[in-house]
2 protein chains.
Amino acid sequence: MREVEVKALVMDPTQNMPVLLLRDLQSSKVVPVWIGQPEATSIAMVLQQREFPRPLAHDLIKAILKGLGGDLDMVVIDSIQDSTYFATLHIRDHLGKTLEIDARPSDSIAIALRLGSPIYVSEEVFQVAAVEMPTVEDERQDFPEDRFRAFVESEMKLADFKRFVSEGGV
Amino acid sequence: MREVEVKALVMDPTQNMPVLLLRDLQSSKVVPVWIGQPEATSIAMVLQQREFPRPLAHDLIKAILKGLGGDLDMVVIDSIQDSTYFATLHIRDHLGKTLEIDARPSDSIAIALRLGSPIYVSEEVFQVAAVEMPTVEDERQDFPEDRFRAFVESEMKLADFKRFVSEGGV
């Protein structure tokens, strides 16, 4: 398994979908994960250290988990099937027992960021999905898929995502 | 407090927003609650007894709550301020202690429906927000607000909402 961090939340203009870039802490590679707009909004709120006036579903999960004496040890993006990523929440209850709960990567990451829990990607997923981190100087020859190249060319970063959110992402 | 049930999930075409109709079990009145599209989709899935291929955030809340030995005693829509409704999740932990967690009505109802927990509306909210349940024969003179009258005229019911969901609500 490889620990990753949320490097950026960008827009893929070809699919008009938000993409999370998860950077491997041990290399310069990133795993792109396409997610839904509500989950992207929820993740953007944490990355921007902003809060909604009212709690989102992921805020409720944090409150319930803490209120019941549990904690989130880690989230793991375990596998990929037909372009769908599967993740697991590793939750520890008040007795120290671990529960594994099947989840989408987007929800998992939105929760992990709120609780300061580490995010891992399985070696299997990493081998299939990781690409070199895009940079401005990059000749853009390293990206295997057109759709990924397309959003890299748009050079959207978190600042741009802010506009997306304020223009109706919520 | 008045116990309510989810009578219908309809579209308000004037605002292009989903509206939940919560019917008072002791009268013919309903409390309309405008909600966001992601939460409406999640609620529609339960009302239609359908499941997403992957768990939604509200499914995670159910799994976490049950996994940690908790339960949801009830949800209460407590108050209304500037057209925003406030709700509380009344959660019981494994020792029988009750936690009260601030939540949006939409999330609260999506969770209550998954756990089979009762939904209540405070007398304060009921007095401010309740209207007569719309019917086809109705002369439509009982609805205080144009926007409410407008969506009643559209006669959208759950069947129509299905189409809304399949056309991109997800």
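Helices, in this account, are DSSP runs of H or I with at least four residues, and strands are runs of E with at least two, both numbered from the N terminus. With these terms, P55(A) can be placed in the loop between α1 and α2 (57–67) of chain A. The model described here is predicted.

## The loop residue P55(A)

Is P55(A) buried or exposed? Its relative accessibility is 15%, and P55(A) counts as buried because the cut-off for a buried residue is under 20%. Leaving out residues up to four places away in sequence, P55(A) touches L60(A) as well as D102(B), A103(B), R104(B) and D107(B) of the other chain.

Helix α1 of chain A, which covers residues 37–47, has buried residues of its own, namely E39(A), A40(A), T41(A), S42(A), I43(A), A44(A) and M45(A). After α1(A) comes Q49(A), whose phi is positive, near 55°.

## The two chains together

Chain A can be laid on chain B by a turn of 180° with a shift of 0.0 Å along the axis, and the RMSD of this fit is 0.0 Å. That is the relation of a two-fold axis. Of the interface residues of chain A, 100% are also interface residues in chain B, so the copies meet through the same surface.

## The fold of chain A

The secondary structure of chain A comes to 6 helices and 8 strands, and along the sequence these follow the pattern β-β-β-α-α-β-β-β-α-β-α-β-α-α. Of the 170 residues in chain A, 52% are buried. Among the contacts in chain A that link residues at least 6 apart in sequence, 55% join residues at least 24 apart.

Strands of a sheet pair through backbone hydrogen bonds, and they may run parallel or antiparallel. In chain A, an open sheet of 8 strands has the order β6-β5-β4-β7-β1-β2-β3-β8, with mixed pairing. The edge strands are β6 (98–103) and β8 (131–132) of chain A, each of which pairs on one side only. Helix α3 (residues 105–115) of chain A packs on this sheet, where it touches β1 (2–12), β2 (17–24), β3 (29–34), β4 (71–81), β5, β6 and β7 (119–121) of chain A, and its direction makes about 155° with that of β4(A).

Several antiparallel pairs, from both chains, are set out below, each with one pair of residues that stand opposite one another.

| Strand pair | Bridges | Opposite residues |
|---|---|---|
| β5(A) and β6(A) | 6 bridges | A87(A) and A103(A) |
| β1(A) and β7(A) | 3 bridges | R2(A) and V121(A) |
| β1(A) and β2(A) | 8 bridges | M11(A) and P18(A) |
| β2(B) and β3(B) | 5 bridges | L21(B) and P32(B) |
| β3(B) and β8(B) | 2 bridges | K29(B) and E132(B) |

In the hairpin of β1(A) and β2(A), there are 4 residues between the strands, and N16(A) takes a positive phi near 50°.

## Strand β3 and the core

In chain B, β2(B) and β3(B) form a hairpin, again with 4 residues between them. How enclosed is β3(B), and what is the reason for saying so? Of the 6 residues of strand β3 (residues 29–34) of chain B, 5 are buried, so this strand is largely enclosed by the rest of the structure.

The largest nonpolar core has 74 residues, and those with the most contacts inside it are V31(A), L89(A), L22(B), V31(B) and L89(B). One of these, L22(B), touches V4(B), E5(B), V6(B), K29(B), V30(B), V31(B), V33(B), I77(B), I109(B) and V121(B), when residues up to four places away in sequence are not counted.

## A buried serine in chain B

Which elements lie on either side of the loop that holds S117(B)? This residue lies between α3 (105–115) and β7 (119–121) of chain B. S117(B) has a relative accessible area of 9%, and it is buried because that value falls under 20%. The side chain of S117(B) reaches the backbone oxygen of L72(B) at 2.7 Å. Apart from neighbours within four places in sequence, S117(B) is in contact with L72(B), D73(B), M74(B) and A112(B).

Technical notes: Residues numbered from 1 in each chain as written. Chains lettered and ligands numbered in written order. Predicted model: local features only at pLDDT ≥ 70, side-chain atom pairs only at ≥ 80, totals over all residues. Heavy atoms only, no water. Buried < 20%, exposed > 50% of the residue type's maximum accessible area, 1.4 Å probe, protein only. Polar contact = N/O pair within 3.5 Å; in protein donor to acceptor, adjacent residues only side chain to side chain. Contact = heavy atoms within 4.5 Å. Core = buried A, V, L, I, M, F, W, Y, C linked by side-chain atoms within 4.5 Å. Least-squares fit on C-alpha atoms with pLDDT ≥ 70 in both. Pairing = 2+ DSSP bridges. Axes fitted to C-alpha atoms, helices over the stretch in contact; angles between N-to-C directions.
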